[in-house]
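Colleague: I'm new to reading structures, and I'd like to look closely at a single part of this one. Please take your time and connect the details as you go.

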Amino acid sequence: LADTDRFFIVQSDEKRILTCFLEEEFDKVKVTDLLHEKIKDKWILRKSSYHKIKIPKEHIEHSMRDNGFEVKMSRLPNGMLIVQGLKH
């Protein structure tokens, strides 16, 4: 993702809006969460940042298959990848 596409709303309702910002780094992604929460008619902002490691989908797929799982992958409209491992 680049520029403003690195911002996206994770979840929202009438009292909360959770926005996420992603910054690509070499082997990880820095995630910054912005939670706007309405408390007694006032909006409060809570902020946090953390890192997530990047694992190529091929690595996950091969590891799961090597351990006896059937792998199903699907991509959400926001670009996220869902990986399911089914064991029979």
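Which residues are linked in a network of salt bridges?

Modeller: Happy to! The network links Asp13, Arg16, Glu37 and Arg46. Before we look around it, please keep in mind that this is a predicted model, in which local features need pLDDT of at least 70 and side-chain atom pairs count only at pLDDT 80 or more, while totals for chains, interfaces and linings use all residues. Residues are numbered from 1 along each chain as its sequence is written, and side-chain values use heavy atoms, with hydrogens and water left out.

Let's start with the contacts. A salt bridge here is a side-chain nitrogen of Lys or Arg within 4 Å of a carboxyl oxygen of Asp or Glu. By this rule the model has 5 salt bridges. One of them joins the side chains of Glu37 and Arg16, at 3.2 Å from N to O. These two partners come from distant parts of the chain, 21 residues apart: Glu37 belongs to strand S3, and Arg16 to strand S2. (Helices, H or I with at least four residues, and strands, E with at least two, are DSSP runs numbered from the N terminus.) Glu37 also forms a salt bridge with Arg46, where the closest N and O atoms are again 3.2 Å apart.

How open to the surroundings are these side chains? We call a residue buried under 20% relative accessible area, exposed over 50% and partly exposed in between, using a 1.4 Å probe and protein chains only. Glu37 counts as buried because its relative accessibility is 16%. Its two arginine partners fall into another class: Arg16 is partly exposed at 39%, and so is Arg46, with a relative accessible area of 43%.

Now let's follow strand S2 away from the network. Another salt bridge is found between the side chains of Lys54 and Glu24, at 2.8 Å from N to O. This pair spans 30 residues of the chain, with Glu24 in strand S2 and Lys54 in the loop between S4 and helix H1 (57-66). Lys54 has a relative accessibility of 36%, so this residue counts as partly exposed. Strand S2 also holds Glu23, which is partly exposed with a relative accessible area of 27%. Glu23 and Leu34 are 11 residues apart in sequence, and their C-alpha atoms are 14 Å apart in space.

What does strand S2 pair with? Its partner is strand S1, in the antiparallel sense over 5 bridges; two strands pair if DSSP finds at least two bridges between them. If you want a place to check this on screen, find Gln11, which stands opposite Leu18 in S2. The two strands form a hairpin, with 3 residues between them.

The same two strands are joined by a ring contact as well. Rings of Phe, Tyr and Trp (its six-membered ring) pair if their centres lie within 6.5 Å; planes under 30 degrees apart count as stacked, over 60 as edge-to-face and the rest as tilted. This rule gives 1 aromatic pair. Its members are Phe7 and Phe21, and the pair is tilted because the ring planes stand at 35°, with the centres 4.5 Å apart. Phe7 lies in S1 (residues 7-12) and Phe21 in S2 (residues 16-24), 14 residues apart along the chain. Their surroundings differ in class: Phe7 is partly exposed at 44% relative accessibility, whereas Phe21, at 15%, is buried.

Finally, let's return to Glu37's strand, S3, and see what comes after it. The loop between strand S3 (28-39) and strand S4 (42-53) includes Lys40, and Asp41 lies in that loop too. Most residues other than glycine have a negative phi. Lys40, however, has a positive phi of about 50° although it is not a glycine. Asp41 also takes a positive value, near 65°. Both residues count as exposed: Lys40 because its relative accessibility is 80%, and Asp41 because its relative accessible area is 72%. Compare them with Glu37 in strand S3, which is buried at 16%, and you have a nice contrast to look for on your screen.
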